[in-house]
Each structure stands twice: as structure tokens, then as C-alpha cells.
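Work through the exercises below with the structure in view. Each task is followed by a solution in steps.

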Amino acid sequence: MSHPTTPGATTPDDPHGIRASADNPGVLLVVFACVLGLALANIGISIQIGPTKFTLPLQLAIGSVQAGLVAYYFMHLRQGDKVVILTALSSLFWMGILFVLFMGDYMTRHLVVSS
Amino acid sequence: MSASTHSPVLKHHFEDLGQQHACERLGIWMFLATEILFFGGIFGAYTVYRLWYPHEFVFASSHLNRLFATINTVFLITSSLTITLAIRSAKLGDRAALIRYLLITAALATAFMVVKGFEYAEDFHEHLVPGPSFSHEIEKEAVDKGLDPGKVQLFLCFYYIMTGIHGIHIIVGIGCILWLVWEAWRGTIPPENYSTVEVVSLYWHLVDAIWLFLMPLLYLAGAGYGAHH
């Protein structure tokens, strides 16, 4: 497992490359503006189009993009170790299995009863 | 042995600081994976009932206060930025900025809970509570629209359980952030120990990310309901 910094970024003043791995505040501010903008857009779009069958998927898609930006930039997945990325993705994988199993049950019960 | 073994923050069972930081990150991410699955179960239950009773859920959601939720969304997203800037300050060894950003994060989190308190108070005042004290006006309105008031109250059960559990996570986060402020003030968070801040920040970002899904599922489900029905 390696330290999340660029190779060769260590200096005598920064022997572990920690200062070199500090985030660029400009990038953080752009990501913050994007996440905030998407949140406000989600609210505006939801009020504008009302509760249609497309509203929920659209809202969740916007929420997923926001969460992705938070995970990639604020949670440092972009500079994380492979094992950390694997852990993060595995949680989504297990949640996917959870959803498939119980949705397969609850959403097909009426078919079993009617047959 | 690398030079990093001489660092006072290096624990004896790690080879170097890089390995120690990586293990700390992996540990908190494994905890976050359990948190994601925990909330996944709640989101799953919500999904089933939302698919079964979509009209009741939309109707009930239209009675929630979206202004409070919007203000809280701004607070949480901003707090995610400030705690990330706190990590940056820790890495750069800027202790004053580290404490400042941590205090701003704690203040935003506290503001979130204060707004949540006002929101709950308003909900109770309007009898937007499942059970015997449920609002007769809303019940009559639901019946007039051909909806089942019991299923409207079911949505409110999800609303209180999901926002309540999320609120508990916020309170835990505030405690962790204030502990970081104490440690930073004592001078125990030099740049080599920035991962202490990062571990708390990862938890905090997850709490923020969960809110990004609670917002559409609870508050935006009924957005624009009055104008379109």
C-alpha cells in the first residue's frame, strides 16, 4: 500500500510527500460549486416537472452524480489505493445484490398469487 | 528501515507512515461499506413501499417543508468542502487554519441540526405525525383524493426513521469533529498525522452523500405536486 502522493514529490522539507499531496483549493471550490449547483438544479427541476414517472430516476441520477463527485474528489478516491477503491466499489456491489434479492421477492409476489 | 520510522506519530507495528495512512484509510472505508449497507437496507424498504404506494408517498411528501431541507442541503455540502480544506491545512501544517475549518464544519453541522429541530417542531405543530394525533385535515384531503391515509402515514414513518438515523450520524460527526479540534489545539495533529482528520472527514462525507439521496426520496418526491394535481 503506497502513500497517495506523486512519485518523486518528496523533498528534504517534506520527506513523506505529505505537503505535496495537499489538495488544490481551486479544484475543491469547482467541485463544491458543481455539487451545490446540481442540488439546486435537482430541486428546481423537480418542482418544474412535478411527480411524473421520470422524476424519481432523474432525481436519483443527479444524486448519484453528486455522490460520485463527493467520493472522487472530497473522499480522495482519485488518489486512493486500489484496495480502497475496491472496498468502496464492493459496498455498491453488495448493495446491488441486496436490492436484486429483495426486489425479486417483493416485486413478483403478485405474479405468484395470481397464478 | 526508512526515515519515516523516526516519526513520533508512527505506530510500532507499521513499517512506515505511508503504510500506516493506507491502513487507516482502508479501515474507515471498510466501516463506511457497512454503513452503506445499513442505509441500503432502509433505502430498500423505502423503494418497495414507494413502488407499491406511489401516490400516497408523493402526496405525503408534498406536505414536508422543502425550504428547511434546501437550507440543510447547502449547510451539508458546504461542510464537506470545509472539512476537506481542514485536511489540506493539516497536510500543510497550518494549525490555525485546521482549527478554523474544523470549527466552521462543526458550526454548519450544528446549524443543520438546529434547522432540523425547527422542521420537526413545525411537523409536530401541524400534526404531521403518524398515529392517533395525525392531522384530520390531511387525512380528509387524502380521502378526498382517493388515497389511503394509513399509507400516507407510512411515508411519514420512513421520513422520521430515515432523517432520525441520519441526524444521529450528524451528532456523532459533530462529536468527532470537536474531538479533532481539541487534538489540533493540543498540537497532536502535525502534517504526519493528517490521516486522523481524513478518517473523520471520510465519515462526514458519507453522511453528506446519504443526505444527497434522502433529499430527493423524502422532500422532492412531492415537489410540484399542487401545481400538477
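## Interface and cavities

In this predicted model, chain B and chain A bury about 4800 Å² between them, with 78% of that area on carbon and sulfur atoms.

**Exercise 1.** Find which residues of chain B lose the most area to chain A.

*Solution.* Start with the contacts: 59 residues of chain B touch 53 residues of chain A. On the chain B side, B:Trp29, B:Leu81 and B:Lys91 lose the most area, together 13% of what that side buries.

**Exercise 2.** Locate the salt bridge across the interface of chain B and chain A, and describe the chain B side by element and class.

*Solution.* The rule finds 1 salt bridge across this interface. A:Asp81 pairs with B:Arg25, and their closest N and O atoms are 3.8 Å apart, which falls within the 4 Å cut-off. Next come the elements: H1, helix H3 (66-92), H7 and helix H8 (225-228) of chain B each give two or more residues to the side that touches chain A. H1(B) gives the most, with 23 residues. By class, this side has 35 nonpolar, 17 polar and 7 charged residues.

**Exercise 3.** Determine which residues line the largest cavity and which line the second largest.

*Solution.* The structure holds 2 cavities of 30 Å³ or more. The largest cavity has about 50 Å³ of space. Its lining consists of A:Ala39, A:Asn42, A:Ile43, A:Gln66, B:Thr73, B:Leu212, B:Met215 and B:Pro216; 5 are nonpolar, 3 polar and none charged. The second largest cavity, of about 30 Å³, is lined by B:Phe39, B:Ile42, B:Phe43, B:Met162 and B:Leu214. Helix H1 (residues 17-52) of chain B gives the most to that lining, with 3 residues.

Key: Residues numbered from 1 in each chain as written. Chains lettered and ligands numbered in written order. Predicted model: local features only at pLDDT ≥ 70, side-chain atom pairs only at ≥ 80, totals over all residues. Heavy atoms only, no water. 1 Å grid on protein atoms, 1.4 Å probe; cavity = no way out; pocket = protein on both sides within 12 Å on 5 of 7 lines; lining within 4 Å. Points joined across faces, edges and corners; volume = space filled by probe spheres on them. Nonpolar A, V, L, I, M, F, W, Y, C, P; charged D, E, K, R; others polar. Helix = DSSP H or I, 4+ residues; strand = E, 2+ residues; numbered from the N terminus. Contact = heavy atoms within 4.5 Å. Buried area = accessible area lost by both parts, 1.4 Å probe. Salt bridge = Lys/Arg side-chain N within 4 Å of Asp/Glu carboxyl O.
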